[in-house]
Amino acid sequence: MSAYAPNPQNGPIQRHPDNWHSAQARHTTEGPAHSNGISDKVSGFFGSDRREGLPMYKDKPFSYPGSRKKHPWYKQRRTVAVVLTSFAVMSWWFGILSPLSYFTSGDGEVQAAVKEKAQTSWFGNKVPAGDWEARAQKVKEAFKTSFNGYEKYAWGYDEFNPVSKNSRQMVPGGMGWIIVDALDTMMLMNLTDELTHSRQWIHQNLTYDQDHDVNTFETTIRMLGGLLSAHYLSTAFPGVYAPVDDGLTDDLYVEKATDLADRLLGAYETSSGVPLASVNLQSMKGIPSHADGGASSTAEATSLQLEMKYLAKLTGEDHYWDKAENVMKVVDDNQARDGLVPIFIYADRGTFRGENIRLGSRGDSYYEYLIKQYLQTSQQEPVYQAMWNETLEGIKKHLITYSSPSNFTVLAERPSGLDHHISPKMDHLTCFMPGTIALATTGGLPLVQAKAQPNWGPQQDEDMRLAEELMNTCWGMYKASPIGLAGEITHFNIYDPPLMYGSFPQGEKPASPASFDTSGPGAEFVGHDDYIIKAGDSHNLQRPETIESLFYMWRITGDEKYRNWGWEMFESFIKWTAVEDGTGYSSLQNVLRDPPTMKDNMESFWLAETLKYFYLLFSPNTILPLTDVVFNTEAHAFPRFQLNKLFSTGWERKPRDLVPEAKQGQEPDVTVNTIVRTEVHMEGEEKTPERVAGAAAGATPDVLVEAEGGRDAVTGKEVPVT
Ligand code: DMJ
């Protein structure tokens, strides 16, 4: 139950697609081997050894051995040891810096030297602890390096391999996958040159009129979300975020967004209204998933609403609203037990497939968008708060357990349904949850203000505690790795039988050791016995979820440790993911290896999300206050707004006690796909109640067996073994 009061302010308005085929448009650039090193650009402190890496393609099988590139000399322990030893011997020999003099100096000096060493970071002493403005600038430099490398070697292409300098289109003419996803980060960082270049490309080159299938969800959150966020920042804050004077219309973004959304709507043309996994942009025809019995991912079908609703608000076109909202009704009519939804849903009949419950891939953003829909419309749609509350209680009851021996809080999975075994595994994707729980509990208010609300009580304290503990767990994923970067999936040792959240009274839940993240000379991470990173799960895709949660936790609690953890994480990214010749950053093959090997890919969410959240974490809290905006699941910022007369909630939840409980994986009754809109009004125009979306129909073969598969390189969502 959230405690915050409704926000009286109106916002200022005026999870790699499994059936995407490469457009076979590959572009290879022979990059110069002698450009400036990343470290030169980012820290100006270290050099670069400028050796060329071998080409590596992201679409090779995961087991492909990856780039064998050597890391710069300063990253090689043996080389460093030789250099340091030579230096020490010479300095002793010449009496300039005799090691003996170091050890024989006074106690105070020794301690000062040790302390200084402990504080020395990847950036040397160039970024003093606590200088958050300087740290934000370092993030901006990392963004510039990444984007400028892309501009130089892959401009206009949808995928970029920063080591080999190869690039590829996802559709023949390109979708602006990287450019559009990065727009609002450029704006927040005031990068006018990069923004001007991007706007020109969008104006001259970007067309969605292409005969190609695209993933409905990914295209919505990245492209539609990116365009809408750029529109929001440029129109609601004129002259503030990277103002450009290029003679192009202010409507550039929203015109493209509307054209794209109209094409995506074809995916919703199903019997239930649940969208199909893919859609052909030109024919606007929806296409079912080629795997999973044709079912859509639940998270994908239910993480389109913020985008469509904001577009509806901007344009006054209620069909965007209706189509997206109807999906929520259909999903909820399944009456999933304790609000926990299986990760697949059939688009024709609107019923779940299987009983696999998790908040990682294919499940994650369903939960995220419940509370964010409630916040987007200024807490005027209580149905989404009710769904979130039910869900959070369900998570506590069925999914929260504890690691052994150190009692980290684990957000586990139930792969065979709620009555079957618990699987103590967390996708990195689940790490959006600490921040989202804090956001839901406070509404985005700073904690001190939220606690002053009349309806704050022990329940809210407990929910914040859960957010803090899960934050510790996610940060622990980074601390448990030898290079300070988390793997894609982390497993945990748990107790037998598992300790469950509900077994402990309020205020007495198990907690991770207070000193688990102690840093400094000789400090050991407490938790090595609790965390298990398996070799097959040890890749790092530059994912944003943990930094996203650190950002929310900092904004809400004001506890500076979250900023410090974020800085430590940023340093690890810079240290290990920097491409040798200084033209970008790459995802990694294996965080268990020191040094790791490169995966040779720059995900678009590195620019759209990961670097944006780092930047916002180190920037003043007045930039995009949490009480004014909601971030979509790709970190694109939308305003909160009032329903006013224009829109209202067009559905109600079925009373839980009147309808026989629907079992997961079974068909609900025939009224499930009928939505009665009672209160849709265009301004000045009264609409009579209307029936939207069709009745259940169709017969997709009922194959409920979960295929074990690999994971898509971009989304982390499962793809079948083929
Ligand atoms: C992003 O595309 C989004 O955050 C999505 O919700 C999950 N996958 C990636 C980032 O990990």
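R653 and D332 make a good place to start: their side chains form a salt bridge, with the closest N and O atoms 2.8 Å apart. R653 sits in the loop between β16 and β17 (675-677), while D332 belongs to helix α12 (residues 318-333), so this pair ties together parts that are 321 residues apart in sequence. Keep in mind that what you're looking at is a predicted model.

How buried or exposed are these two partners? R653 has a relative accessibility of 23%, so it counts as partly exposed. D332 comes in at 5%, which means it counts as buried. The pair isn't on its own, either: salt bridges with shared partners join D332, E390, R653 and R656 into one network.

**Other salt bridges**

Here's the general idea: side chains of opposite charge can pair when their charged atoms come close. How many salt bridges does the count come to? The count is 30. Three of them are set out here.

| Salt bridge | Closest N and O atoms |
|---|---|
| R653 and D332 | 2.8 Å |
| D246 and R199 | 2.7 Å |
| R222 and E634 | 3.8 Å |

Take the bridge between R222 and E634, at 3.8 Å. R222 lies in helix α8 and E634 in the loop between β15 (629-631) and β16 (637-639), so parts that are 412 residues apart in sequence get tied together. R222 is buried, because its relative accessibility is 2% and the cut-off for buried is under 20%. E634 is buried too, with a relative accessible area of 2%.

Now for D246 and R199, whose side chains meet at 2.7 Å, N to O. This salt bridge links distant parts of the chain: D246 is in the loop between α8 (216-236) and α9 (252-264), R199 is in helix α7 (residues 192-205), and 47 residues separate them. Both D246 and R199 are buried.

**Rings meeting rings**

A pair of aromatic rings is described by the distance of the centres and the angle of the planes. There are 35 aromatic pairs in this structure. Why does the pair F573 and W606 count as tilted? The ring centres are 5.5 Å apart and the planes of F573 and W606 meet at 55 degrees, so the pair is tilted. F573 is part of helix α19 (residues 561-577) and W606 part of helix α20 (residues 604-618), so to speak two distant parts of the chain, 33 residues apart, linked by one pair. Both F573 and W606 are buried.

Rings also gather in a group. Ring pairs link F408, W475, Y478, F492, F516, F525, Y531, Y562 and W565 into a cluster.

Charges can sit over rings as well. K309 lies over the face of W321, at 5.1 Å from the ring centre. Likewise, the charged end of R349 sits over the ring of Y346, 5.1 Å from its centre.

**A three-strand sheet**

Two names from that ring cluster, F492 and Y531, turn up again here. Strands of a sheet pair through backbone hydrogen bonds, either parallel or antiparallel. In this case, 3 strands form an open sheet in the order β12-β13-β14, with antiparallel pairing. Which strands are at the edge? They are β12 (425-427) and β14 (531-532), and each pairs on one side only. Strand β13 (residues 489-492) and β14 pair over 2 bridges, and F492 has Y531 in β14 as its bridge partner.

**Around I179**

I179 is found in helix α6 (residues 177-188) and is buried, with a relative accessible area of 0%. Beyond neighbours within four places in sequence, I179 is in contact with Y150, W155, G156, M186, S198 and W201. For one of these, W155, the C-alpha atom is 8.6 Å from that of I179, and the two residues are 24 apart along the chain.

**Backbone oddities**

Most residues other than glycine have a negative phi, and most peptide bonds are trans. Which peptide bonds are cis? The bond from S404 to P405 is cis, with omega near 10 degrees, and P405 sits in the loop between β10 (400-402) and β11 (409-411). The bond from D496 to P497 is also cis, with omega near 0 degrees; P497 is in the loop between β13 and β14.

As for phi, K165 has a positive value of about 70 degrees although it is not a glycine. K165 lies in the loop between β2 (159-161) and β3 (166-168) and is buried, at 3% relative accessible area. S378, not a glycine either, has a positive phi of about 50 degrees. S378 lies in the loop between α13 (364-376) and α14 (382-398), and its 2% relative accessibility makes it count as buried.

Note on methods:
Residues numbered from 1 in each chain as written. Predicted model: local features only at pLDDT ≥ 70, side-chain atom pairs only at ≥ 80, totals over all residues. Heavy atoms only, no water. Phe/Tyr/Trp six-rings, centres within 6.5 Å; stacked < 30°, edge-to-face > 60°. Helix = DSSP H or I, 4+ residues; strand = E, 2+ residues; numbered from the N terminus. Buried < 20%, exposed > 50% of the residue type's maximum accessible area, 1.4 Å probe, protein only. Lys NZ or Arg CZ within 6 Å of the ring centre and 35° of its normal. Pairing = 2+ DSSP bridges. Salt bridge = Lys/Arg side-chain N within 4 Å of Asp/Glu carboxyl O. Contact = heavy atoms within 4.5 Å.
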